[in-house]
Amino acid sequence: RAKHHIVAALVAHAGVGAGSAVADVGCGTGLLLADLSKAVGPSGAVVASEPAPAFRALAAARAARLPNVAVVDAPSATDPGLGDGAVDCALLVDVYHHFEYPRTMLRTLRRALRPRGTLCVVDFHKDVARVKSKTPDWVARHLRADQATFRAEIEACGFTHIAEPFVEDLPENYLMVFRKTPLARVGDGRGHRAKPPRDDAH
């Protein structure tokens, strides 16, 4: 049920609706594709990007039944293969903590977003008291950093945090919604902005 609530949150807080173009970055086997397809409707588009070939094949099988869903052929660790100005919203579900080159990927995602486009990040709390489905060692070692650190990294790369809605059936995760910051506001000296993440942070 959580997948339905994630997509509903995108509709309510990230501007996703009929006619939108949405990218599911790191889509895995494509569990969210049908819900995203329905949310954007026949006039919209969903782009599925998954670097792991086995998962990508499974996502492609799901996408074959959805006429408004396309699968990127060969995304990489630094480029999801979306193209510049291609989408209104980019969704990352339990993906951001896997990025080996977060700054490079964020810059690529920012270019892929249209003006006022949104970046939606669902990820695990780095808190063993909240994440019960994983071992404490997994939480400590697998999650590179906590939510506050990830938010600062993303904001430093040209995004503004605009919402953090509660998502039903996701007690171990958070959802942060960011809007693409106009270029005139990126690093122009107005207000403090955290340093961009290092790409060797992993």
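In this predicted model, helix α6 spans residues 147-156, and its buried residues are Q147, F150, E153, I154 and A156. An α-helix has 3.6 residues a turn, so residues three or four places apart point the same way. The buried residues of α6 pack against one helix, α4 (102-112), and against the strands β5, β6 and β7 (173-180). After α6 comes G158, a residue with a positive phi near 100°.

**The sheet**

The strands β5, β6 and β7 belong to an open sheet of 7 strands, arranged in the order β3-β2-β1-β4-β5-β7-β6 with mixed pairing. Its edges are formed by β3 (69-71) and β6 (159-163), each of which pairs on one side only. On average, and with direction ignored, neighbouring strands of this sheet are turned by 25° against each other.

Strands β1 (residues 21-25) and β2 (residues 45-49) run parallel and are joined by 5 bridges. Within this pairing, V22 has V46 of β2 as its bridge partner. Helix α2 (residues 33-40) packs on the sheet, where it touches β1, β2, β3 and β4 (87-93). The direction of α2 makes about 155° with that of β2.

**The pockets**

The largest pocket holds about 430 Å³ of space. Its lining consists of 21 residues, and those nearest the centre are I6, L31, L32, V93 and D94. Two elements, α1 (2-13) and β5 (113-124), each give two or more residues to this lining. The greatest contribution is that of α1, with 3 residues.

The second largest pocket encloses about 340 Å³. It is lined by 19 residues, of which G26, P51, V95, H98 and F99 are the closest to its centre.

The classes of lining residues in the two pockets are set out below.

| Pocket | Nonpolar | Polar | Charged |
|---|---|---|---|
| Largest pocket | 9 nonpolar residues | 8 polar residues | 4 charged residues |
| Second largest pocket | 11 nonpolar residues | 5 polar residues | 3 charged residues |

**Elements in more than one setting**

Strand β5 appears in each of the settings described: it is part of the sheet order, it is packed against by the buried residues of α6, and it gives residues to the lining of the largest pocket. Strand β6 is an edge strand of the sheet and is likewise packed against by buried residues of α6. Strand β2 pairs with β1 and is touched by helix α2.

Terms used: Residues numbered from 1 in each chain as written. Predicted model: local features only at pLDDT ≥ 70, side-chain atom pairs only at ≥ 80, totals over all residues. Heavy atoms only, no water. Pairing = 2+ DSSP bridges. Helix = DSSP H or I, 4+ residues; strand = E, 2+ residues; numbered from the N terminus. Axes fitted to C-alpha atoms, helices over the stretch in contact; angles between N-to-C directions. Contact = heavy atoms within 4.5 Å. 1 Å grid on protein atoms, 1.4 Å probe; cavity = no way out; pocket = protein on both sides within 12 Å on 5 of 7 lines; lining within 4 Å. Points joined across faces, edges and corners; volume = space filled by probe spheres on them. Nonpolar A, V, L, I, M, F, W, Y, C, P; charged D, E, K, R; others polar. Buried < 20%, exposed > 50% of the residue type's maximum accessible area, 1.4 Å probe, protein only.
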